[in-house]
Amino acid sequence: MPELKTVFWDLDGTLADTEIHGHRVAFNKAFLEAGLDWHWDPDTYCKLLGIGGGLNRIRAFASSLLVDLSENEILEIHLCKQDIYTKILSNGQIRLRPGVKRLTTELCENGVNQWIVTTSSNTAVQAFMETNFGKARNPFDGFVCGDEVRLKKPSPEAYLLAIEKSKSKVSDIVVIEDSRIGMCAAIEANLICLITLPAWNNGSYKELELANSIVNHLGQESNLCSVLKGPPCHGGQITLEYLRQLLEVTPK
């Protein structure tokens, strides 16, 4: 019988609404500082989220416009973006998603290991942690970020590294993600995956149907969640018991 011992959390869009009001805003400001007349509106940025990693998104967008940027220019834009994003975080403009604080606390209190597994940089992860968990007990045992892997999601490389670093068994892990590329990375690593739809999602989840469970968010007393796929969630909040249930009802 599997036993839930580890939860891998994606960061952007999963732990917090960082994408549209954080990373996207920072990218646009960095483009201005670089003298580029690029502006990623929410629709454009959501499409670009199908590409793992900010550097790769800049490369892909430049290529689509037939703009020849050197690797050094791309890196400078991304470094500028990281600095702007850190300032956005430090100003308290990015909040944890519903139910995240509750669930991370519950898992921590019950001895479940928690790791952040993200394509974001180490700088972005550290800034996020300082802003959201700096004055409270840190529920995370470690993290794997984009700097540590050669291939970003949807490659399973980050999750495979997280399995190794956390010394966890595949059968004892649940992944919490918000995107198709994250889901694909988790599935490729043979991990159970719960999808919490990002705040900007319009209710469509057809491309996410391979996930073991799909919810609109994790839920809290004042804002209960809805299950779109998977076992019923009694009480409207994703809990340790619900994650255990995913391991029990899903064949490996």
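**A helix across an open sheet, and a packed helix pair**

In this predicted model, helix H9, which comprises residues 240-249, lies across strand S1 (6-9), S4, S5, strand S6 (213-215) and S7, and runs at about 135° to S5. The strands that H9 crosses belong to an open sheet of seven strands, in which the order is S3-S2-S1-S4-S5-S6-S7 and the pairing is mixed. At the edges of this sheet stand strand S3 (142-144) and strand S7 (227-229), each of which pairs on one side only. From one strand to the next, the twist averages 25°.

Strand S1 is joined to S2 by four bridges, and the two strands run parallel; within this pairing, Trp-115 in S2 is the bridge partner of Phe-8. S1 is likewise joined to S4 by four bridges, again with the strands running parallel, and here Trp-9 stands opposite Ile-176 in S4. The side chains of S1 are divided between two directions, since Thr-6 and Phe-8 point one way whereas Val-7 and Trp-9 point the other way, and all of these residues are buried. Further along the sheet order, strand S4 (residues 173-177) pairs with strand S5 (residues 192-196) in the parallel sense over four bridges, with Val-175 standing opposite Cys-193 in S5.

Helix H6, formed by residues 122-133, has 12 residues and reaches 16 Å from its first C-alpha to its last, which is close to the 16 Å expected at 1.5 Å a residue. The buried residues of H6 are Ala-124, Val-125, Ala-127, Phe-128, Met-129, Asn-132 and Phe-133. Their cover includes helix H4 (71-90), helix H5 (100-109), strand S2 (113-117) and S3, and S2 and S3 are themselves neighbours in the order of the sheet.

The packing of two helices is described by the angle between their axes and the distance between the axes. For H4 and H6, the angle is about 10° and the axes are 9 Å apart. Angles under 35 degrees count as roughly parallel, and H4 and H6 are therefore roughly parallel to each other. The contact is made on the side of H4 by Tyr-85, Thr-86, Leu-89 and Ser-90, and on the side of H6 by Thr-123, Ala-124, Ala-127, Phe-128 and Thr-131. Taken by residue class, the contact of H4 with H6 consists of five nonpolar and four polar residues, with no charged residue. Among the H6 residues in this contact, Ala-124, Ala-127 and Phe-128 also appear among the buried residues of the helix.

Conventions: Residues are numbered from 1 along each chain as its sequence is written. This is a predicted model: local features need pLDDT of at least 70, side-chain atom pairs count only at pLDDT 80 or more; totals for chains, interfaces and linings use all residues. Side-chain values use heavy atoms; hydrogens and water are left out. Two strands pair if DSSP finds at least two bridges between them. Axes are lines fitted to C-alpha atoms, for helices over the stretch in contact, and angles run from 0 to 180 degrees between N-to-C directions. Contact means heavy atoms within 4.5 Å. The expected span of a helix is 1.5 Å times one less than its number of residues. Buried means under 20% relative accessible area, exposed over 50%, partly exposed in between (1.4 Å probe, protein chains only). Angles under 35 degrees count as roughly parallel, over 145 as roughly antiparallel, 65 to 115 as roughly perpendicular and the rest as oblique. Ala, Val, Leu, Ile, Met, Phe, Trp, Tyr, Cys and Pro count as nonpolar, Asp, Glu, Lys and Arg as charged, and the others, Gly among them, as polar.
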